[in-house]
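I opened the file to see how the pieces fit together. My entries follow in the order I looked things up.

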Amino acid sequence: MESSLPLSHCHVKKTELVINRLHTFLHGIALLALFYYRLTSLTDIIKNKNTSLLLPHVPILISELILSFIWLLSQASKWRPVARKAYPERVPGDEKLPSIDVFICTADPTKEPCLKVMNTVISAMALDYPPDKLHVYLSDDGGSVATLQAIKQAWKFSRLWVPFCRKYKVKMACPEAYFLTDESGPDGKFHSTEFRAEKKEIKKSYMEFKDSVTKIIADTSIYMSRDHPPIIEVIDDANGDGMDSDKRKIPLLVYVAREKRPSHPHHFKAGALNVLLRVSAMISNSPYILVLDCDMYCNDPSSARQAMCFHLDPELSPKLGFVQFPQKFYNINETDINDGKQRAVWVGFRYFSVVEDYFTGFILHCKGWISVYFDPSTPGFLGATPISLGEILVQQTRWSVGFYQVALSRFSPLIYGLLRTSTSQSMCYAEFPYSQIYFLSLYVLAVIPQLCLIIGISLYPKVSSPFFVVFSFVFLSSQLKHVQEVFSAGHSIRTWSNEQRMWMMKSLTSYLFAALEVVMEKLGLAKARFLPTNKVVDDEQAKLYQMGVYDFRAPALFMVPLCSLYILNVASFIIGFGRIMQTQKWGEMFIQAFIPFFATILHFPLLEGMVLRKDKGRVSPSVSLLSAVISTIFVSFAALVNYY
Ligand SMILES: O=c1ccn([C@@H]2O[C@H](COP(=O)(O)OP(=O)(O)O[C@H]3O[C@H](CO)[C@@H](O)[C@H](O)[C@H]3O)[C@@H](O)[C@H]2O)c(=O)[nH]1
Ligand SMILES: [Mn+2]
C-alpha cells in the first residue's frame, strides 16, 4: 500500500494568491493612470514650448517606466505561489535508491577557512543515505596542499562521525554546529550512559581533528594557486579500508584539483563543476548530483532523501532537471542590517556568466526541463553570507556583472526564453538580469526631484489634483505589498526598512559599477572575474554586525556616491522645506519634499556614520569630506539656476 502514497505534495497558497493578484490588478491600473498624467503633462510642456522643462521631466518618465517594467516582470513569480511538502519516509527501500554524487567547491584557502570547508565535507558524508550510494567530491581550485592534507584528516574523523550520526540519528550532521548546540541525542537515548560516553569520545576526536587542521595550516604556506597540475586522489587509508563498496561504512571521498594555467580560461565555479562531472563519471557516475558551496553545510541529513521525493515521483521525474533548495544562512542575526538573507529567491554547468547557477537553471528550463523549488521547514542546507557592507556590495557587483552578461547576450531571457519556454517562466528569469538597471531609476529619483525642489520646478501633481491620489497610491501600494511579504515570511518591520535601504544602496553602487565593468569588458578593457567572498570573520566586523550597526569600511568607490547623494537629499529637503514655509505653497511641492524626506529617514545610518559615530566602522572623514564637496557642487548649481 505504501508505494501508492504520493512522495510529495504541492498546494497553492490561496490567500497569498488572492492578495498578489489583487495587488497586480490595482497597482497596474494606478500605473496606467500615472503614465496618463505623465503623457498629458509632457504634451502640455511641448504645446507651451517650455522645452527646458523636458530636461527634468523626460528622465523622470524614463525612470518610472523602468520601475514599472521591473515591477511587471516581478509579478510572474507571484502569480501562483505554491508550497511543497516531501515525505522522505515514503521513499523506497535503500536498495532501490539511486546513487548521488555530492560536489563541493572551494577556491581560495586565504578567504575560505579550511576548517569550514572540511565541516561542509563531513556534513555531506553524514547525510542520511546509503553510504555505498553516496560519493563526495571536493574541488579545490586553489590547489592547496593544506586542503589535501586536511581532507585526509576529515576522512579519518568521518569514519567515527558518520556511524555516530547514524546510530543516534543525529539531526545536525555538521560537527562544528553540532557541538555548539545543545542536542543531547534523540528521546529515549537522552539519558543513556552509552550515548553520553560516546558523545564525549566523539567530541574528543573532533577536537583532535580541529587541532590537526590548525597544525596543517600553521605548517603550510597558504595561498591560492593559479598555476598547478591536476591532482585527483581518492581519500583512503593505507589498508584500503572503506574502499570495498560492499562493506563500505562511509561514503567515498575524492579530492580533485583541476589543472590551472594562467594562460588558460578556467571558467570559475562552473569550470570546477564540469571537471567534477568528468571525474565522477569515471569513478561513481551517479545519476544525481548535489552541488554545495564550501560555505554551506547540510543542516538536515534527510535532505537528499527529500530531494528524491521529487526525483522519484513518476509524474515529475521524466522532466525534472533539478530540485532547488533556497539559500538560507546560519550567520544572520535578528537585525540583519545588510539584508543578507535575500528572501526572494537563485546539468552541465554553463560558462559565459559568473552567475552560472542562475544561467544553467535558465538554459535547462529553455531545453524543456522543469524544476522544483523546495523550501522545507527545517532548512536543508545553511550557508554563510558576508556580514560586512563592503563584502556584500562586492558580491552583489559580481552577481550584477553576471546578470548583465546574460541580459546583453543572445541568451537574454525575454528573447531567447520567450521563444523556448513559457512567458511566465521567461518573465521570472528576466526579472533578475533586467532589474540591474534599477540604478538608472534610482539615480534619477535621488537627484532630479531634489535639484528641482531647490530650483522650484514642480514635477509631481499638486495635493489638490486627483492625480495626487494616483501617485500616493502607487507609493503606498508598493510599500504595503513589501511589508505584507515581509510579515508573511515571519519577519518584522525592521526587515522591510533594511531591505529597502539595501536595495537602494546596491542599486546605486553595485548595479552601476557592474554596468561599467561589463561595458569595459565588451570594449576589451577588462576581463571577467569571480572574486570569492571572504569567509574569514574579523572580530570587529562581527561585533558591529551583532549590534546591528553598519561597517562602513567599504571601498570609497561605493561610499562616496552613497554619502554624496545622502547629503544632497538632506540639503534639498532643508532648503525645499524652508521655501515651502516661506511661500506657504504646501500643496505644490508636497511629493517632491517627501522624496528627500523619505531618503533622509531611511538612510539615517549614513548620517550616523558620517557625523555621530566614532568607532572604526564609521564613514571615514575623507569620504565624508569628498562627499560634502560633491554635493555642495550640485546644490550650488541648483541654487544658481534658481537665482537666475
Ligand atoms: O574560481 C572559482 C571561484 C569560486 N568557486 C567556488 O564557488 C563557490 C561560491 O563562491 P562564494 O565566494 O561563496 O560566492 P557567493 O556569492 O556566496 O555564491 C553565490 O553566487 C555564486 C554565483 O556568483 C553561486 O555559484 C553560489 O552558489 C551562490 O551561493 C565557493 O564554494 C567557491 O569556492 C570556485 O570553485 N572557483
Ligand atoms: Mn557563498
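**Helix α14.** I looked for the buried residues of α14 and found Val470, Phe471, Val474, Glu485 and Val486. The model is predicted, so I read all of this as computed geometry. What covers those buried residues? The cover includes α1 (14–47), α15 (493–522) and α18 (590–602). I then checked the length of α14, residues 466–488. Its 23 residues should span 33 Å at 1.5 Å a residue, and the end C-alpha atoms are 33 Å apart, so the two agree. After α14 comes glycine 490, with a positive phi near 85 degrees.

**Helix α17.** I ran the length check on α17 (residues 556–583) too. It has 28 residues and reaches 40 Å from first C-alpha to last, close to the 40 Å expected at 1.5 Å a residue. Just after α17, glutamine 584 has a positive phi of about 60 degrees. Most residues other than glycine have a negative phi. I placed glutamine 584 in the loop between α17 and α18. Is glutamine 584 buried or exposed? It is exposed, because 7 other C-beta atoms lie within 10 Å, and the limit for exposed is 12 or fewer.

**Another positive phi.** I noted asparagine 285, where phi is near 50 degrees and the residue is not glycine. Asparagine 285 sits in the loop between α7 and β7. It counts as exposed because it has 11 C-beta neighbours inside 10 Å.

**Ligand 1.** Which residues come nearest to ligand 1? Of the 24 residues around it, they are Cys105, Ala107, Lys269, Asp293 and Pro532. I sorted the shell by element. β3 (100–106), α7 (268–283), α9 (356–366) and α10 (389–407) each give two or more residues. α10 gives the most, with four residues. By type, the shell around ligand 1 divides into 10 nonpolar, six polar and eight charged residues.

**Binding-site record.** I checked UniProt next. The unreviewed entry has a "binding site" annotation that covers Lys269 and Asp293. They are spread over 25 residues of sequence but cluster in space, with a largest C-alpha distance of 9.3 Å. Both names are also among the residues that come nearest to ligand 1.

I took lysine 269 first. It lies in helix α7. It is buried because 22 other C-beta atoms lie within 10 Å, where 20 or more are needed. Leaving out residues up to four places away in sequence, lysine 269 touches Cys105, Glu356 and Phe530.

Then I took aspartate 293. It is found in strand β7 (residues 288–293). It counts as buried because it has 23 C-beta neighbours inside 10 Å. With residues up to four places away left out, aspartate 293 touches Cys105 and Gly383. Cys105 thus appears in the contacts of lysine 269 and of aspartate 293.

**Nonpolar cores.** I asked which members of the largest nonpolar core touch the most other members. Of its 136 residues, they are Val102, Ile104, Val121, Val136 and Ile151. I listed the contacts of valine 102, not counting residues up to four places away in sequence. They are Ala124, Leu134, His135, Val136, Tyr137, Leu290 and Leu292. Another core, of 10 residues, lies apart from the largest one; Cys452, Leu453, Ile454 and Ala638 are among its members.

**Alanine 150.** This residue lies in helix α4 (residues 145–168). It counts as buried because it has 27 C-beta neighbours inside 10 Å. Which residues does alanine 150 contact beyond its neighbours within four places in sequence? They are Cys114, Met118, Val213 and Ile216. I also took one distance. Alanine 150 and histidine 135 are 15 residues apart along the chain, and their C-alpha atoms are separated by 18 Å.

**Transmembrane record.** The unreviewed UniProt entry lists "transmembrane region" at residues 21–39, 54–74, 437–460, 556–577, 589–607 and 619–641. I checked two of these spans against the model. Residues 54–74 are 100% helix and 0% strand, with end C-alpha atoms 30 Å apart. Residues 437–460 are 75% helix and 0% strand, and their end C-alpha atoms lie 23 Å apart.

Conventions
Residues are numbered from 1 along each chain as its sequence is written. Chains are lettered from A and ligands numbered from 1 in the order in which they are written. This is a predicted model: local features need pLDDT of at least 70, side-chain atom pairs count only at pLDDT 80 or more; totals for chains, interfaces and linings use all residues. A residue is near a molecule or strand if its C-beta atom, placed from the backbone, lies within 6 Å of it. Ala, Val, Leu, Ile, Met, Phe, Trp, Tyr, Cys and Pro count as nonpolar, Asp, Glu, Lys and Arg as charged, and the others, Gly among them, as polar. Two residues are in contact if their C-beta atoms, placed from the backbone, lie within 7 Å. The expected span of a helix is 1.5 Å times one less than its number of residues. UniProt positions are given in the numbering used here, feature names are shortened, and annotations may be inferred rather than shown by experiment. A nonpolar core is a set of buried Ala, Val, Leu, Ile, Met, Phe, Trp, Tyr and Cys residues joined through C-beta atoms within 7 Å.
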